[in-house]
Amino acid sequence: MSVTVLRGAGADVREDGVPRHAEIGTLELESGFRLPEVRIAYETWGVLAPDGSNAVLVEHALTGDTHVAAGRARPGAPETQRRAAQSGGWWDGLVGPGAAIDTDRYFVVCANIVGGCYGSTGPSTPAPAEVDPERRPWGSRFPLVTVRDSVRAEAALADALGIDTWRLVIGGSMGGARALEWAVTYPERVRACAVVAACPQSSAEQLAWGQAQNLAIRQDPDFRGGDYYDGPFPVTGLGLARRIAHITYRSADELHHRFGRTPQAEEQVIGTHPGGRGRYQVESYLDHQASKLAGRFDANSYLAVNETLMSHDVCRGRGTLEEALSVTSCEWLVAAVDSDRLYLPRESDVLAAALPGDVRRHTLTSPSGHDGFLIEAPQVGKLLVETVLARP
């Protein structure tokens with residue numbers, strides 16, 4: 001497997017934020033399952049230094065994709081590709097020319113997690129002929145992929161890109177779990193690691209929220225055990241899962257100040273029957289979030305990546321947290337959102353205290369809850385520049 005990467009002197013013809021794919025072959029999973037013909041979707045920004053020393057890996061969160069920042073396609077590329085590259089990314093302001101993760105200085109990579117639905121192998125992709133001669137989607141046959149499995153897949157991508165060591169691996173939420181796993185699984189390949197709004201292992205409460213979301217999808221009549229690709233998609237269940245999740249992503253204070261008990265537009269919230277009343281504004285907001293996700297995400301992939309996040313435990317098979325982290329040798333940024341009620345700041349305290357050396361837990365100040373790690377990109381950038389990116 002080989003992937004062509006622009007290095008050193010060809011910056012004038014670089015393509016930023018353009019979808020690419022790498023075939024990494026068979027991925028042996030923690031469970032023992034061998035997942036064949038694995039494809040990783042990814043995007044890059046910037047130019048890889050001749051010695052490969054300027055590579056940065058940005059890890060997306062649960063339903064994120066590879067488009068972390070706006071970019072530019074090669075002159076003469078199809079108009080659809082140029083528009084897609086130029087569209088806004090999910091961490092614009094943190095990644096880009098002149099930003100903290102400066103794409104004129106660093107070579108940035110963002111890969112779609114295995115199990116996702118943005119180009120990497122997942123439940124909606126055709127199964128190999130050895131699994132299904134008719135090449136139907138994996139569907140219910142798609143295996144559990146752990147955070148550790150996903151990092152091993154990304155290591156194969158790094159090999160293909162000619163990247164031996166990451167200058168920085170950074171992620172928030174599930175992306176933070178993957179960043180942490182990188183530093184422990186491949187300590188010799190990570191010079192700096194930034195774990196934002198994440199923790200060493202999924203807590204009991206996080207597992208409980210995850211189960212409720214999974215059941216919302218699995219109990220949709222259109223789910224059909226996961227093999228629904230020849231019929232209606234289970235968008236009702238997927239939308240309900242998103243509503244449950246999104247409540248945990250925002251803070252109670254923010255919901256109160258944004259919506260309170262205000263009815264939506266002209267809708268009447270006091271009716272003759274509970275099922276026939278109008279909506280409160282907060283209900284309309286959740287409906288909107290559900291509709292947006294159902295229009296862009298696959299229900300099986302939601303289950304797959306949610307199970308990946310639920311599997312997160314950097315200690316599994318490695319002893320205590322201190323013992324698991326003792327192999328790391330990189331610089332660290334550990335940051336929590338002060339209003340986060342899903343990944344509590346005290347969980348970041350536990351991580352920072354267990355790391356080798358004197359690692360401080362930093363705070364992002366935000367009224368927005370867990371989503372503050374995305375919303376407060378300037379704060380994240382400032383912390384990066386002051387800590388793990390303070391030196392070349």
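**Exercise 1.** Which residues does Val109 touch, not counting residues up to four places away in sequence?

*Solution.* Begin by locating Val109 in this predicted model, and leave aside its neighbours up to four places away in sequence. The residues that Val109 then touches are Tyr42, Glu43, Thr44, Val56, Leu57, Val58, Leu157, Leu161, Ile163 and Trp166. As a next step, place Val109 in its surroundings: the largest nonpolar core has 55 residues, and Val109 is listed with Ile163, Trp166, Trp182 and Trp332 as having the most contacts inside it. Helix H2 (residues 147-161) gives the largest share of this core, namely 8 residues. A second, separate core has 31 residues, among them Leu168, Leu364, Phe373 and Leu384.

**Exercise 2.** Describe how helix H5 (residues 235-249) packs against helix H7 (residues 281-294).

*Solution.* Two packed helices are described by the angle between their axes and the distance between the axes. Here the angle is about 125°, and the axes lie 8 Å apart. Because an angle between 115 and 145 degrees counts as oblique, H5 is oblique to H7, and the crossing in which H5 passes H7 is right-handed. On the H5 side the contact includes Val235, Leu238 and Arg242, while on the H7 side it includes Tyr285, Asp287 and Gln289. Sorted by kind, the residues of this contact are 8 nonpolar, 3 polar and 3 charged.

**Exercise 3.** Is Gln289 buried or exposed?

*Solution.* First, find Gln289 in helix H7. Its relative accessible area is 10%, and since buried means under 20%, Gln289 is buried. Finally, not counting residues up to four places away in sequence, Gln289 touches Arg242 and His246.

Methods:
Residues numbered from 1 in each chain as written. Predicted model: local features only at pLDDT ≥ 70, side-chain atom pairs only at ≥ 80, totals over all residues. Heavy atoms only, no water. Core = buried A, V, L, I, M, F, W, Y, C linked by side-chain atoms within 4.5 Å. Buried < 20%, exposed > 50% of the residue type's maximum accessible area, 1.4 Å probe, protein only. Helix = DSSP H or I, 4+ residues; strand = E, 2+ residues; numbered from the N terminus. Contact = heavy atoms within 4.5 Å. Axes fitted to C-alpha atoms, helices over the stretch in contact; angles between N-to-C directions. Parallel < 35°, antiparallel > 145°, perpendicular 65-115°, else oblique. Left-handed = near helix turned anticlockwise from the far one by under 90°. Nonpolar A, V, L, I, M, F, W, Y, C, P; charged D, E, K, R; others polar.
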